[in-house]
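Welcome! Please take a look at the sequence and the model, then work through the exercises below at your own pace.

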Amino acid sequence: MPLLKYIAVGALGRRETGVIEAPDMSAARRLLLARQLYPERLEVTGGEMPFTADISVKVRATHDMWFRYLLADQLGGMLSAGVLLDEALGEISRTAPRRWREVLTSVLTHVGSGESLSGALEKHPRFFDATFVAAVRAGESSGKLGELLANLAVHLRNEAASRRKLGNMLIYPV
């Protein structure tokens, strides 16, 4: 059975590396997801792979969805606890993965210059879809941004779980 080297992000956002034994890329990905590790890169280090596919686009989309969940959850919790928006964004951006750190730094700059959070998020459509932005805008309008972000986090977690289950059903042999 082939050995695959992986780089993955854990549930707390920490990057982990290691080696896993699996019959193919899909099985390796499922094994990592079962350990709550979200793979960024998988590559064969030993043995032969019967079929290889470029999963980088799907992995990035999964990783981005997971980080949006973490962002909504952490930001919602911090705001509900009374932390100021710019302080919360700054703290989260310090621990974010590199590509997200750049986006959050940009959002923090726009918010610091007086723009609304939803307006700042809207400038990054590759990272924040219309639903995420609309939910934040609704939270800003109602004055319950922290509570709304916590609810959004629950929604994003459920969506990620549903997509993972659907993906596993699609690759499961019939």
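## Exercise 1: Salt bridges

**Task.** Which side chain does E91 meet in a salt bridge, and where do the two residues lie?

**Solution.**
Step 1. The side chains of E91 and R94 come together in a salt bridge, at 2.9 Å from N to O. A salt bridge here is a side-chain nitrogen of Lys or Arg within 4 Å of a carboxyl oxygen of Asp or Glu.

Step 2. Both residues belong to helix 3, and because they are three residues apart, about one helical turn separates them. Helices are DSSP runs of H or I with at least four residues, strands are runs of E with at least two, and both are numbered from the N terminus.

Step 3. E91 is partly exposed at 38% relative accessibility, while R94 is exposed at 56%. The cut-offs are under 20% relative accessible area for buried, over 50% for exposed, and partly exposed in between, with a 1.4 Å probe and protein chains only.

A word on the source: this is a predicted model, in which local features need pLDDT of at least 70 and side-chain atom pairs count only at pLDDT 80 or more, whereas totals for chains, interfaces and linings use all residues. Residues are numbered from 1 along each chain as its sequence is written, and side-chain values use heavy atoms, leaving out hydrogens and water.

**Task.** How many salt bridges does the count come to?

**Solution.**
Step 1. The count comes to three salt bridges.

Step 2. One of them joins E115 to K123, with the closest N and O atoms 3.3 Å apart. E115 is partly exposed, at 26% relative accessible area, and K123 is partly exposed too, at 44%.

Step 3. R137 and E122 also meet in a salt bridge, at 3.2 Å from N to O. R137 is in helix 6 and E122 in helix 5, so this pair ties together parts that are 15 residues apart in sequence. R137 is partly exposed at 35% relative accessibility, and E122 is partly exposed with a relative accessible area of 45%.

## Exercise 2: The overall plan

**Task.** How many helices and strands does the protein have, and in what order do the elements run?

**Solution.**
Step 1. There are seven helices and three strands.

Step 2. Starting at the N terminus, the order is β-β-α-β-α-α-α-α-α-α.

Step 3. The protein has 174 residues, and 39% of them are buried.

## Exercise 3: Two helices and their faces

**Task.** Which residues of helix 4 are buried, and which exposed residues sit on the face turned away from them?

**Solution.**
Step 1. Start with the span: the 15 residues of helix 4 should cover 21 Å at 1.5 Å a residue, and its end C-alpha atoms are indeed 21 Å apart. The expected span is 1.5 Å times one less than the number of residues.

Step 2. W100, V103, L104, V107 and V111 are the buried residues of helix 4. Viewed down the axis, they fall within an arc of 95°, so they line one face of the helix. The arc is that of the directions from the helix axis to the C-beta atoms.

Step 3. The face turned away from this buried side carries the exposed residues R98, E102, T109 and G112.

Step 4. After helix 4 comes G114, with a positive phi near 100°.

**Task.** Now try helix 6: which of its residues are buried?

**Solution.**
Step 1. Helix 6 covers residues 130-142, and its 13 residues reach 18 Å from first to last C-alpha, close to the expected 18 Å.

Step 2. Its buried residues are F132, V133, A135, V136 and G139. Because they cover an arc of only 160° around the axis, they are on the same side of helix 6.

Step 3. On the face turned away are the exposed residues A130, T131 and S141. Just after the helix, G143 has a positive phi of about 80°.

## Exercise 4: The nonpolar core

**Task.** Which residues touch the most other members of the largest nonpolar core?

**Solution.**
Step 1. A nonpolar core is a set of buried Ala, Val, Leu, Ile, Met, Phe, Trp, Tyr and Cys residues joined through side-chain atoms within 4.5 Å.

Step 2. The largest core has 33 residues, and L75, V107, L117, L121, F128, F132 and L149 touch the most other members. Helix 2 gives the most to this core, with eight residues.
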